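Subject: Structure handover

Hi,

Here is the structure for your next round of work. Please load it before reading on.

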Amino acid sequence: MMALVSKDLYSARSGIGVILLFAVVFGVLFRDTWTGPMIVTLLFANIGNSTLTWDEQCQWNTFAVSSGIPRRTLVLSKFQSGMVFVVVGAVVGLIVSAVFAYSGFSDIPLDQSIQGVALGAIVSAAVMGVTVSVTYWTGDSAKAQYLSIGVMVVIIIALVAGSTILTDLIGASSILVAMVVLAVLMLVVTFTLSVRKLESRDL
């Protein structure tokens, strides 16, 4: 399993640098709002999905299955790789928030920035699961990639807007707990659907 995750991390190494650059840019642009740290964290949500696209293009699943790797293990490795990138995004978000707060570059208190990072990580986990599942079901065609991006954008907007509204109504702590529960449910559902689709495919 760790070998599969390591393969994905190695495959995505070039994209991480680009995402880090965008993270700094968005962090600067939105430095005075709690959504800034959240956006920085969210940017890493789709890196894991890109490795799945590359696997589809080079017929990796066919090779892996023929080598005796269970299909469920292949799907699980993608979700584990995705969670690694979510954690990386959260760490980057925390670093950016701390640097901005202690340097006086941002007017947002550090505790609010941390809440933004936490919410971004939760939403990222849910979005990662959905985009991976969509890619398994639609393949790696250009149309499928546009669909995946569209689904990701819609889900991000819905989750962020909903969490923002509910935060004002029931408080940040309560909404974070509710979002964690929702994210876990989405990960379970999307993982199950992804396994079902890969097991049904003729590789």
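Below are notes on helix packing and cavities.

Keep in mind that this is a predicted model.

**Helix 1 and helix 6**

Helix 1 covers residues 2-11, and helix 6 covers residues 71-103. Their axes come within 9 Å. The crossing is at roughly 50 degrees. Angles from 65 to 115 degrees count as roughly perpendicular and those under 35 as roughly parallel, so helix 1 and helix 6 are oblique to each other. Helix 1 passes helix 6 with right-handed geometry.

Which residues meet here? From helix 1, they are Leu4, Val5, Lys7, Asp8 and Leu9. From helix 6, they are Thr73, Leu74, Ser77, Lys78, Gln80, Ser81, Val84 and Phe85. By class, this contact has 6 nonpolar, 4 polar and 3 charged residues.

**Helix 6 and helix 7**

Helix 6 also packs with helix 7, residues 110-138. The angle is about 155 degrees, and the axes are 9 Å apart. An angle over 145 degrees counts as roughly antiparallel, so that is the label for helix 6 and helix 7. The crossing of this pair is right-handed. The contact of helix 6 with helix 7 has 18 nonpolar residues, 6 polar and 1 charged.

**Cavities**

How many cavities of 30 Å³ or more does the whole structure hold? The search finds 2.

The largest cavity has a volume of about 60 Å³. Its lining includes Gly27, Phe30, Arg31, Thr33, Gly36 and Pro37. Val96, Ser97, Phe100, Ser106, Ile108 and Ser113 also line the largest cavity. Helix 3 (35-42) and helix 6 each supply at least two lining residues. Helix 6 gives the most, with 3 residues. By class, the lining of the largest cavity splits into 5 nonpolar, 6 polar and 1 charged.

The second largest cavity holds about 40 Å³ of space. Leu4, Lys7, Asp8, Asp55, Trp60, Asn61, Leu74, Ser77 and Lys78 line the second largest cavity. Helix 1, helix 5 (60-66) and helix 6 each supply at least two of these. The classes here are 3 nonpolar, 2 polar and 4 charged.

One link back to the packing: Leu4, Lys7 and Asp8 of helix 1 meet helix 6 residues including Leu74, Ser77 and Lys78 as part of the helix contact. These residues also appear in the lining of the second largest cavity.

Best wishes

Note on methods:
Residues numbered from 1 in each chain as written. Predicted model: local features only at pLDDT ≥ 70, side-chain atom pairs only at ≥ 80, totals over all residues. Heavy atoms only, no water. Axes fitted to C-alpha atoms, helices over the stretch in contact; angles between N-to-C directions. Helix = DSSP H or I, 4+ residues; strand = E, 2+ residues; numbered from the N terminus. Left-handed = near helix turned anticlockwise from the far one by under 90°. Contact = heavy atoms within 4.5 Å. Nonpolar A, V, L, I, M, F, W, Y, C, P; charged D, E, K, R; others polar. 1 Å grid on protein atoms, 1.4 Å probe; cavity = no way out; pocket = protein on both sides within 12 Å on 5 of 7 lines; lining within 4 Å. Points joined across faces, edges and corners; volume = space filled by probe spheres on them.
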